[in-house]
Amino acid sequence: MASSLSFLSQPRIRPVTKRPPNPSSSFLELLNFSGKSLQVTKNNDLAVVSRVYQREIASVQGENPVKPDFKRLCKERKVEAALETMDEKERNGGYADLLDIVKLIQICADLKLLEAGKKVDGYVMRSSSKFKSSVVVLNNLVEMYCKLGDTNRAREIFEQMGARNLDSWNKMLLGLAENKEGEKALEIFSQMKGDGIRPDGSSFAGVLMACVCVGEEKEGQKHFESMSRDYGITPTAEHYEVMVDLLGRTGKIAEAEELVSNMPVDPNTRIWETLQKYSKTRAQGQLGYPLSPPGPKLGGMKREKDNLNTNHRRVTSDRSKAYEKLRSLSKKVRDAGYVPDTRFVLHDLDQEAKEKALFYHSERLAIAYGLINTPPGTTLRIMKNLRICGDCHNFIKILSKIEDREFIVRDNKRFHHFKAGNCSCRDYW
């Protein structure tokens, strides 16, 4: 029985046994979501790691020439066909090259294909000990699972690694922080230093993000100062951006403004946008944590319409069922106290039309579709390329408690893990 289901613009991975495609699955094509993961600028320390990887990959490649077909499929990002070829090689007693497995893992992460990634994970664990003992492969599995919101499996792999390098720690640290598991990320950072691993700029980006997650302004300041004082690392624009976010979140707007004014380099657009967000909050007399219970507060206006890519020429029965389910869910959520916050609709419409516009937001439709197609208890994962609006955030929080499900939504800022009426972002994003 499946334990999770993801919704995004990529086709679902069919089982290895060849079957004709199911026509009813076309509804997923109407939901055009895409994810965006945090990009952290790595400094020269990681160049050494990269060279180590290259040596390890080269040593394995020399022992097992791979069929050109598998290499071509990976290069062309044809995941389903690559998985079938991989399984065929395994049945015939062969195995793929490490470089191709790494490439396939990265493709699964980029295309947000969790189930395909699990298949590669299973293959690695069944295959040659060179795969299971490869820091390269395991690091990429950790990163893939973090990007797809499954930090539990990422942590399992990380803990089982016989050897770790700096990149191993950074991927786990950043992955936990990006998934709003700040306390666990801080534990990893402490464990990392306790094991004698010297942190680099990426490590400090992760630990500062973790401090934002838990609202630990003082600890964040301590780590920010330690970067240059204890490790000789010059803070980048990314570190300043996270610090502005941390200071603004904890209500220290003046300190954030002072930090920006004293930067040794010109602030970039992201820093100014972060500072502006909190400056507006101060002007409205709302310092610190923008909380939303029992109804959502205005945490940022939605500047673009949700990316619901509806194809009116292919109206399927699945789509009709999803809308019917969504109407039923909306009634349940309203009965539980939900009140639509139409401030997130920027068009000049009457109240009823604004509420209807909120009703059709793509993440709600995806959840409705998932609920009618998965057994109870299944975790639903939604990937979208726009920021989730405050009204949808409150709607999904309430729904997670009613349905007793976990909903993981990845918007263009971060992961939101909705469970039992709460969100991992603590109503801040």
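Which residues does H223 touch, not counting residues up to four places away in sequence? Keep that question in mind; point 5 answers it.

1. **What you are looking at.** This is a predicted model, in which local features need pLDDT of at least 70, side-chain atom pairs count only at pLDDT 80 or more, and totals for chains, interfaces and linings use all residues. Residues are numbered from 1 along each chain as its sequence is written, and side-chain values use heavy atoms, with hydrogens and water left out.

2. **The overall picture.** The chain has 19 helices and 5 strands. Here helices (H or I, at least four residues) and strands (E, at least two) are DSSP runs, numbered from the N terminus. Of the 429 residues, 51% count as buried; buried means under 20% relative accessible area, exposed over 50%, and partly exposed in between, with a 1.4 Å probe and protein chains only. Contact means heavy atoms within 4.5 Å. Among contacts between residues at least 6 apart in sequence, 72% join residues at least 24 apart.

3. **Two nonpolar cores.** A nonpolar core is a set of buried Ala, Val, Leu, Ile, Met, Phe, Trp, Tyr and Cys residues joined through side-chain atoms within 4.5 Å. The largest one has 80 residues, and V79, I101 and L104 have the most contacts inside it. Apart from it lies another core of 30 residues, among them L329, Y369, F418 and C425. Try picking out I101: leaving aside neighbours within four places in sequence, I101 is in contact with M86, A96, V120, Y123, V124, F131 and V137. As background, nonpolar side chains tend to be buried together in soluble globular proteins.

4. **Helix α9 and what follows.** Helix α9 covers residues 166-178, and its 13 residues reach 18 Å from the first C-alpha to the last. That is close to the 18 Å expected at 1.5 Å a residue, where the expected span is 1.5 Å times one less than the number of residues. Because 13 of the 13 residues of α9 are buried, the helix is largely enclosed by the rest of the structure. At its start, a side-chain oxygen of N165 comes to within 3.1 Å of the backbone nitrogen of D167. This is a polar contact: a pair of N or O atoms within 3.5 Å, where within protein one must be able to donate a hydrogen and the other to accept it, and residues adjacent in sequence count only if both atoms are side-chain atoms. After the helix, K180 sits in the loop between α9 and α10. K180 has a positive phi of about 65° although it is not a glycine, and it is buried, with a relative accessible area of 10%.

5. **Two buried helix residues.** A185 lies in helix α10 (residues 182-194) and counts as buried at 0% relative accessibility. Beyond its neighbours within four places in sequence, A185 is in contact with L173, L176, A177 and A210. Now for the opening question: H223, in helix α12 (residues 217-231), touches F189, F204, V207, L208 and C211, not counting residues up to four places away in sequence. H223 is buried too, with a relative accessible area of 6%.

6. **The annotated repeats.** An unreviewed UniProt entry lists residues 134-164 and 165-199 as "repeat: PPR". UniProt positions are given in the numbering used here, feature names are shortened, and annotations may be inferred rather than shown by experiment. In the model, residues 134-164 are 74% helix and 0% strand, with end C-alpha atoms 10 Å apart. Residues 165-199 are 74% helix and 0% strand, and their end C-alpha atoms lie 11 Å apart.

7. **The strands.** Two strands pair if DSSP finds at least two bridges between them. Strand β2 (residues 379-383) and β3 pair in the parallel sense over 4 bridges, and M383 has R410 in β3 as its bridge partner. β3 and β4 run antiparallel, joined by 5 bridges, and a hairpin connects them through 4 residues. Across this pair, F407 stands opposite F418 in β4; F418 is also among the residues of the 30-residue core. Strand β4 (residues 415-419) is largely enclosed by the rest of the structure, because 4 of its 5 residues are buried. Finally, β4 and β5 form a hairpin with 2 residues between them, and A420 in the turn has a positive phi of about 55°.
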